[in-house]
Amino acid sequence: KYILQDRNEILKDLEMICSDSKDIIFFYETIKMIPSKLLEKRIDDFVYFAVYGNSTEIYCFTEIILSIDKKFLTTNIERIIIKILDTINIDNGYLDYLYLNIVSLYQKLGEDAYLKNFLTNYCKQHENMEIKEIYKDYI
């Protein structure tokens, strides 16, 4: 059932699961039991929530992403981030939030080459001064 859910259903389930700290622990233990191949089918959604969600969503979905096969992640993460940046319609005031969350995700993944590429090709080149500052802060 989970693999077939749309994004809104995933969020409803996450809110229900994460209503208290005991449920969050259960959530992490449950995620660890799901084979990476099943989680990989929803990687685009997980990355979306990990960079654009609220603080609980960012934390939970980052943990899910970190449980996925590393080779699969390194093969797909950059494509997914670019897709999100190309398709998301966001108020300019929240762009730095999105870009900072992307930087944070790359750091947690330990993907220094992808992080440097993102900072150089997206943050440094951006017209928004706050996003340019991200480049300066991390390089």
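Okay, one definition before anything else: when I say buried, I mean under 20% relative accessible area. And keep in mind that what we're looking at is a predicted model.

Let's start with helix 6. Which of its residues are buried? They are Leu73, Asn76, Ile77, Ile80, Ile81, Ile84 and Leu85. If you look at the spacing there, remember that an α-helix has 3.6 residues a turn, so residues three or four places apart point the same way. As for what sits over those buried residues of helix 6, the cover includes helix 4 (43–52), helix 5 (55–66), helix 7 (95–109) and helix 8 (112–123).

Now, helix 6 isn't straight. There's a kink of about 40°, and the kink is centred on asparagine 76, which is also one of the buried residues I just listed. What about the end-to-end length? Helix 6 covers residues 70–87, so 18 residues, and at 1.5 Å a residue we'd expect a span of 26 Å; the end C-alpha atoms are 25 Å apart, which agrees. At the start of the helix, have a look at aspartate 69: one of its side-chain oxygens comes to within 3.3 Å of the backbone nitrogen of lysine 71.

On to the core. The largest nonpolar core has 35 residues, and the ones touching the most other members are Val47, Ile65, Ile81, Tyr99 and Phe118. Helices 4, 5, 6, 7, 8 and 9 (that last one being 129–138) each put in at least two residues. Which helix gives the most? That's helix 7, with eight residues.

Let me zoom in on isoleucine 65. Leaving out residues up to four places away in sequence, isoleucine 65 touches Ile43, Phe46, Val47, Ala50, Leu73, Leu105 and Leu109.

Staying with helix 7, there's a polar residue to point out: asparagine 101 is in that helix. Buried or exposed? Asparagine 101 has a relative accessible area of 13%, so buried. With the same sequence neighbours left out, up to four places away, asparagine 101 touches Ala50, Val51 and Ile58.

Next, the aromatics. Searching the whole structure turns up eight aromatic pairs. One of them is tyrosine 106 with phenylalanine 118, a tilted pair at 5.9 Å centre to centre with 50° between the planes. Tyrosine 106 is in helix 7 and phenylalanine 118 is in helix 8, so this pair ties together parts that are twelve residues apart in sequence. Both of those residues are buried. Elsewhere, Phe46, Tyr48, Phe49, Tyr52 and Phe61 make up one aromatic cluster.

Tyrosine 106 also has another tyrosine for company, namely tyrosine 114, which is found in helix 8. Again not counting residues up to four places away, tyrosine 114 touches Thr74, Ile77, Glu78 and Tyr106. Tyrosine 114 and isoleucine 77 are 37 residues apart along the chain, yet their C-alpha atoms are separated by 8.7 Å. At 22% relative accessibility, tyrosine 114 counts as partly exposed.

Last stop, glutamine 125, in the loop between helix 8 and helix 9. At 54% relative accessibility, this one counts as exposed. What does the side chain of glutamine 125 reach? It gets to the backbone oxygen of threonine 120, at 3.5 Å. And across to tyrosine 135, ten residues away in sequence, the C-alpha to C-alpha distance from glutamine 125 is 9.1 Å.

That's my tour, thanks.

Definitions and conventions: Residues are numbered from 1 along each chain as its sequence is written. This is a predicted model: local features need pLDDT of at least 70, side-chain atom pairs count only at pLDDT 80 or more; totals for chains, interfaces and linings use all residues. Side-chain values use heavy atoms; hydrogens and water are left out. Helices (H or I, at least four residues) and strands (E, at least two) are DSSP runs, numbered from the N terminus. The expected span of a helix is 1.5 Å times one less than its number of residues. The bend at a residue is the angle between axes fitted to the seven residues ending there and the seven starting there. Buried means under 20% relative accessible area, exposed over 50%, partly exposed in between (1.4 Å probe, protein chains only). Contact means heavy atoms within 4.5 Å. A polar contact is a pair of N or O atoms within 3.5 Å; within protein, one must be able to donate a hydrogen and the other to accept it, and residues adjacent in sequence count only if both atoms are side-chain atoms. A nonpolar core is a set of buried Ala, Val, Leu, Ile, Met, Phe, Trp, Tyr and Cys residues joined through side-chain atoms within 4.5 Å. Rings of Phe, Tyr and Trp (its six-membered ring) pair if their centres lie within 6.5 Å; planes under 30 degrees apart count as stacked, over 60 as edge-to-face and the rest as tilted.
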